[in-house]
Amino acid sequence: MPPDLNLLIALDVLLEEGSVVGAARRMHLSPPAMSRTLARIREAMGDPIFVQAGRRLVPTPHAEAIRGQVREAVEQASMLMTPGAQVDLSTLQRQFNVRANDLFMVVESGRLLQAMTDQMPRSRLCYMPEENGIDDDDLRSGRVDLFISASRVLGAEIRVQPLFTTTFVGLAREDHPLFEQDISAERFVRWGHIGISRRGKASGPIDTALSALGLIRQVSLVAPTPFSALFAMLDSDLLLPAPEHLAQSAVRAGMKVRQFDLPVPLKTVLVTQAWHPRHQHDPGHQWLRRTVRQLCGQ
């Protein structure tokens, strides 16, 4: 007997809502009817799909593993059933999972959210945490829809588009004694530094450049976000190397900080967006990529 493909749609809604009541509301069913549908899905899949955790349901590992495939199958089926139809972005209900670096989130996130509110008000943006070395796999599985980061080597099939370039500059509180004289590399390492890394990294290209001059800096604090790094810097003598776009945003926001050129040569950083080919012709994803690129171009 062929599988009931309506169960696939119901499973997609259940995985997105995370509750029987929410899924029932979305599908215009009663909660008991949705519970019976979940029972049929469990029987068809040979997996509980959801298990009780306190007062709420949580997806099983198998359900998490197939989440992206289920979403893709429903989207593809919908497109097949409406060939040539124009997608109304104003009524599109989607969650876009974006893994973005701090630079993009601080500088462009607000404008992207406003554009989505204006043009795709029923869709949702969800920023995913960084995880070591699994960006390719998350794009392939569908766990991440769009990856925005400094350019890096990804799988051969992953589509990559340049967004903008930035350089690193220094930040310090506006009355820091650093500004009393010319900023040499030797004076630059006299004070402790703050690093920004959600992955806890304390060294990078700056340390390599300083090492070539026979100098070593002291990274006294590694902060997980630009916000925590900036506020820690305001009440200290610590220096904060940061992307120029981020530094300019802090100055424009009226923070009592001052920007300076780093006394060591660093390469320009290229920021890109990357996605899996499955999303190449998806109208909602196309809008997201196009909007991100337009905002970064501004």
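This tour moves from the whole chain to one strand and then to four single residues.

**The whole chain**

Begin with the entire protein chain, bearing in mind that the model is predicted. Its mean pLDDT is 88, and 96% of the residues reach 70 or more. The chain contains 12 helices and 12 strands. Displayed as a C-alpha trace and viewed along its principal axes, the chain spans about 80 × 45 × 35 Å.

Next, colour the model by confidence. Among the elements, helix α4, residues 61-81, has the lowest mean pLDDT, at 80. Helix α8, residues 185-188, has the highest, at 96. Where pLDDT is low, the predicted coordinates should not be read in detail.

Now show the surface. The chain exposes about 16,100 Å², and carbon and sulfur atoms supply 54% of that area. Of the 298 residues, 44% are buried. If the charged groups are highlighted, 33 positive and 32 negative charges appear, and their mean positions are 3 Å apart. Among contacts between residues at least 6 apart in sequence, 74% join residues at least 24 apart.

**Strand β12 and its partners**

Select residues 269-275, which form strand β12. In this strand 5 of the 7 residues are buried, so the rest of the structure largely encloses it.

Add residues 146-150, strand β5, which pairs with β12 in the antiparallel sense over 4 bridges. Within this pairing, select Phe-147 and look across to Ala-274 in β12, which stands opposite.

Then add residues 159-166, strand β6. This strand also runs antiparallel to β12, and 7 bridges join the two. Here Pro-162 stands opposite Thr-272 of β12. When following the side chains, note that in a regular strand they alternate between the two faces of the sheet.

**Val-58 and Ile-49**

Move to residues 56-59, strand β2, and pick Val-58 within it. Val-58 is buried, because its relative accessible area of 19% is under the 20% cut-off. Beyond its neighbours within four places in sequence, Val-58 is in contact with Ile-49, Phe-50, Val-51 and Ala-53. Gly-18 is also worth selecting: it lies 40 residues from Val-58 along the chain, yet their C-alpha atoms are separated by 7.0 Å.

From Val-58, step to its contact Ile-49. Ile-49 is found in the loop between α3 and β1. Although not a glycine, Ile-49 has a positive phi of about 70°. Its relative accessibility is 0%, so Ile-49 counts as buried.

**His-28**

Which residue in the loop between α2 and α3 should be selected next? The choice is His-28, with α2 covering residues 20-26 and α3 residues 31-45. His-28 is not a glycine either, but has a positive phi of about 60°. Is His-28 buried or exposed? With a relative accessible area of 72%, His-28 is exposed.

**Gly-192**

Finish at Gly-192, in the loop between α8 and β8, the latter covering residues 193-196. The relative accessibility of Gly-192 is 16%, so this glycine counts as buried. Leaving aside neighbours within four places in sequence, show its contacts: Gln-218, Ser-220, Asp-237, Leu-238 and Leu-239. Lastly, draw a distance from the C-alpha of Gly-192 to that of Leu-5. These two residues are 187 apart in sequence and 61 Å apart in space.

Methods
Residues are numbered from 1 along each chain as its sequence is written. Side-chain values use heavy atoms; hydrogens and water are left out. Buried means under 20% relative accessible area, exposed over 50%, partly exposed in between (1.4 Å probe, protein chains only). Contact means heavy atoms within 4.5 Å. Accessible areas come from the Shrake-Rupley method with a 1.4 Å probe; for residues, only the protein chains shown count as cover. Lys and Arg count as positive and Asp and Glu as negative; His and the chain ends are not counted. The place of a charge is taken as NZ of Lys, CZ of Arg, CG of Asp or CD of Glu. pLDDT is the predictor's confidence in each residue, from 0 to 100. Two strands pair if DSSP finds at least two bridges between them.
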